[in-house]
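Hello,

Here is the structure I promised to pass on. Have a look at it first, and then read my notes below.

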Amino acid sequence: MFCREQVAGFRSRAAELKHAGVKLVFIGNGTPLMAKDFQAFMEVPELPVWTDPKRQTYRHLGFKRGLFSVLDLSLLSYAKRALAAGFRQGKTQGDPVQQGGVLVVKRGGEVVYGFASATAGDHPPVDEVVAKALSAAGR
Amino acid sequence: MFFRPDAATLAPLTVLTTDGDTVPVGSAWSEGPAVLVWLRHFG
């Protein structure tokens, strides 16, 4: 549910990012087939959906993982938000206790924005991320 | 939680495309800025 919510949020700004020359990439941790199914379900055929089945990038970035990362009271408010927006939980395809995050990286490799989710549904505001990306693109 | 990781050490790590091809994460920002969204899972 939260993954769908997050992808939908960025999908709504994808054209703007593309116009500015910003590449938008989603990374999950299931199999390539799961990534392909998710790409089709989310109707983002033009956007790269990569997968890291061994979660080496997740570990490298220090993203949270474990049961305690999904047992957090703030999860209730995030779930209320996502449900109110019409998102529903699908079959989990990947690691159910892995958390994610968002990076904005300038050409050449300077990280200008980084956010690591504390729990499921803890996402940075899309507007904030897009603003950083557009700034990184000189817009 | 905000953080600023080192992209230089992240760049050579590889992931898979939907076709199963291997790509380095750093290829995302090789030609311009990139937004990378690590999802919890595909669900």
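How many residues of chain B are in contact with chain A, and how many of chain A with chain B? On the chain B side there are 37 residues in contact, and they meet 69 residues of chain A. Please keep in mind that this is a predicted model.

**The interface**

Between chain B and chain A, about 4600 Å² of area is buried, and carbon and sulfur atoms give 64% of that. Three residues are worth picking out here: B:Trp38, B:Arg40 and B:Phe42 together supply 22% of the area that chain B buries against chain A, more than any other three residues.

For polar interactions, 24 residue pairs are in polar contact across the interface of chain B and chain A, counting pairs with both residues at pLDDT 80 or more. Four elements of chain B each supply at least two residues of the side that touches chain A: helix H1 (7–10), strand S1 (14–16), strand S2 (22–24) and strand S3 (34–38). The largest share comes from S3(B), with five residues. By residue type, the side of chain B that touches chain A divides into 22 nonpolar, ten polar and five charged residues.

The count of salt bridges between the two chains is one. In that salt bridge the side chain of B:Asp19 meets the side chain of A:Lys36, at 3.1 Å from N to O.

S3(B) also takes part in strand pairing. Its partner is strand S3 of chain A (residues 101–105), and the two run in the antiparallel sense over five bridges. If you would like a place to start looking, B:Val35 in S3(B) is the bridge partner of A:Val104.

**Salt bridges over all chains**

Searching the whole structure gives seven salt bridges over all chains. Three of those within chain A link distant parts of the chain, and I describe them in turn.

The side chains of A:Glu5 and A:Arg81 form a salt bridge, with the closest N and O atoms 2.9 Å apart. A:Glu5 lies in helix H1 (residues 2–11) of chain A and A:Arg81 in helix H5 (residues 74–84), so the pair links parts of the chain that are 76 residues apart. A:Glu5 counts as buried, at 14% relative accessibility, while A:Arg81 is partly exposed at 33%.

Next come A:Arg13 and A:Asp127, whose closest N and O atoms are 2.6 Å apart in a salt bridge. A:Arg13 sits in the loop between H1 and helix H2 (14–19) of chain A, and A:Asp127 in helix H6 (residues 126–136) of chain A, 114 residues apart. Is A:Arg13 buried or exposed? A:Arg13 counts as buried because its relative accessibility is 19% and the cut-off for buried is under 20%. A:Asp127, by contrast, counts as exposed at 54%. These two residues also belong to a network of salt bridges that links A:Arg13, A:Glu16 and A:Asp127.

Finally, the side chains of A:Asp95 and A:Arg65 meet in a salt bridge at 2.6 Å, N to O. A:Asp95 is in the loop between H5 and S3 of chain A, and A:Arg65 is in the loop between helix H4 (56–61) and H5 of chain A, 30 residues apart. A:Asp95 counts as buried, with 10% relative accessibility, whereas A:Arg65 counts as partly exposed at 47%.

Happy to talk it through whenever suits you.

Best wishes

Notes: Residues numbered from 1 in each chain as written. Chains lettered and ligands numbered in written order. Predicted model: local features only at pLDDT ≥ 70, side-chain atom pairs only at ≥ 80, totals over all residues. Heavy atoms only, no water. Contact = heavy atoms within 4.5 Å. Buried area = accessible area lost by both parts, 1.4 Å probe. Salt bridge = Lys/Arg side-chain N within 4 Å of Asp/Glu carboxyl O. Polar contact = N/O pair within 3.5 Å; in protein donor to acceptor, adjacent residues only side chain to side chain. Nonpolar A, V, L, I, M, F, W, Y, C, P; charged D, E, K, R; others polar. Pairing = 2+ DSSP bridges. Buried < 20%, exposed > 50% of the residue type's maximum accessible area, 1.4 Å probe, protein only.
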